[in-house]
Amino acid sequence: MSVKKSQRRKKNLYTEVDFENLIDAMMEHQVTIDSEVVSLNNIDQILDARSNCIYETKTITSGPIRELEMYPVFLKKDIPEEFRVKTTKKAQKNLNNKNAVKHFIRKVNANFGKGDYYLTLNYRNDNRPKSYEEAKKHVRAYINKLNYEYMKLQVHQEGKKLSHKINKKKYKKIKYMYVIEISKEGKGKYHVHMIMSSELSMDQVENCWKYGRRNNIRRIDPDEKHLTDLANYLSKDPKGKKRWGCSQGLKEPIITTSKKVSKRKIFKMESDHNLIEKEMEKLNPGYKVVGFKATRNKWTGMPYIHVMMRKINWYK
């Protein structure tokens, strides 16, 4: 049997637990799922499954930021079918929303950094869009103008003149990620947040937006978490709707999964947080820990650890 087939078969032996159903059962003492009654005996069975569980470590590298998510997976034979993680419409929607925010933050970290631009673009009252689709058209028109200005700059740097004979496809384009924010009041108070590569001057970036003034354009100055806090702020949705888009060809976060940390070591790190920094920096040379969160699930008693690290000397 090949190594890959062996790894897939081994992975298929394990599953995560659907704790929403588990918590319901604990509170109600029994719960009906798919016409089956789940009793406290099933709860005991899940708690007993701890001894056979193993820990996976998911590593996500986004530019200078590396995250490590350490979580338990359980043998399928130890977990009742009704408590295995299943994809329902509600669960999938929640998961999609959470994953979309994580992906947005990681993609920002992977593609932008010191000296790039952070913009807030506003509208004059007479130019306010009546719908998200209209706002999206405005953003597209803006990006087209930026790319035209950038192409002119590249042509000039080649010592050529702009003409209809120019092969436009060979020239680089602006990198960007944008968020269109819509006020909850539904009064058409749209504005656009954008993170953009800095090939053009601030004046050019300002002049290409024809729908309003009093825009805010500044250079990005990353902190120890790179652009995580900025991207997190842009992705939050406290008052209304936010929708985002990006340029083609942006780098994707690099994600790998392994069993690099033992269950025994996980428990030690969860009880002694000083070990988290020591062990993670040992396993990830060239990175330093900039934050972590260690929690324990109260139903199974199993720790979950999330660590954020930053590459040392990234800006040197």
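## Two helices at an angle

Helices H8 and H9 are oblique to each other, because their axes cross at roughly 135°, and an angle counts as oblique when it falls outside the ranges for roughly parallel, roughly perpendicular and roughly antiparallel, the last of which begins over 145 degrees. In this predicted model, H8 covers residues 263-271 and H9 covers residues 274-283, and the two axes come within 6 Å.

On the H8 side the contact is made by Lys 265, Lys 268 and Met 269, while H9 brings Leu 275, Ile 276, Glu 279 and Met 280 to it. Sorted by class, this contact of H8 with H9 holds four nonpolar and three charged residues, with no polar ones.

## The second largest pocket

The second largest pocket encloses about 420 Å³ of space, and 17 residues line it, of which Lys 173, Ile 174, Tyr 176, Ser 247 and Gln 248 are the closest to its centre.

Helix H5 (132-157), strand E7 (176-182) and strand E10 (241-246) are the elements that each give two or more residues to this lining, and the largest share, six residues, comes from H5. Taken by class, the lining of the second largest pocket is made up of seven nonpolar, six polar and four charged residues.

## Confidence in the model

Across the protein chain the mean pLDDT is 81, and 74% of the residues reach 70 or more. Over residues 18-40, however, the pLDDT is below 50, although this stretch has 39 contacts in the model beyond near neighbours in sequence. Where pLDDT is low, the predicted coordinates should not be read in detail.

Definitions and conventions: Residues are numbered from 1 along each chain as its sequence is written. This is a predicted model: local features need pLDDT of at least 70, side-chain atom pairs count only at pLDDT 80 or more; totals for chains, interfaces and linings use all residues. Side-chain values use heavy atoms; hydrogens and water are left out. On a 1 Å grid over the protein atoms alone, a cavity is a set of points where a 1.4 Å probe fits but cannot get out, and a pocket is an open set with protein on both sides within 12 Å along at least five of seven lines; lining residues have an atom within 4 Å of a point. Grid points are joined across faces, edges and corners, and a volume is the space filled by probe spheres set on the points. Helices (H or I, at least four residues) and strands (E, at least two) are DSSP runs, numbered from the N terminus. Ala, Val, Leu, Ile, Met, Phe, Trp, Tyr, Cys and Pro count as nonpolar, Asp, Glu, Lys and Arg as charged, and the others, Gly among them, as polar. Axes are lines fitted to C-alpha atoms, for helices over the stretch in contact, and angles run from 0 to 180 degrees between N-to-C directions. Angles under 35 degrees count as roughly parallel, over 145 as roughly antiparallel, 65 to 115 as roughly perpendicular and the rest as oblique. Contact means heavy atoms within 4.5 Å. pLDDT is the predictor's confidence in each residue, from 0 to 100.
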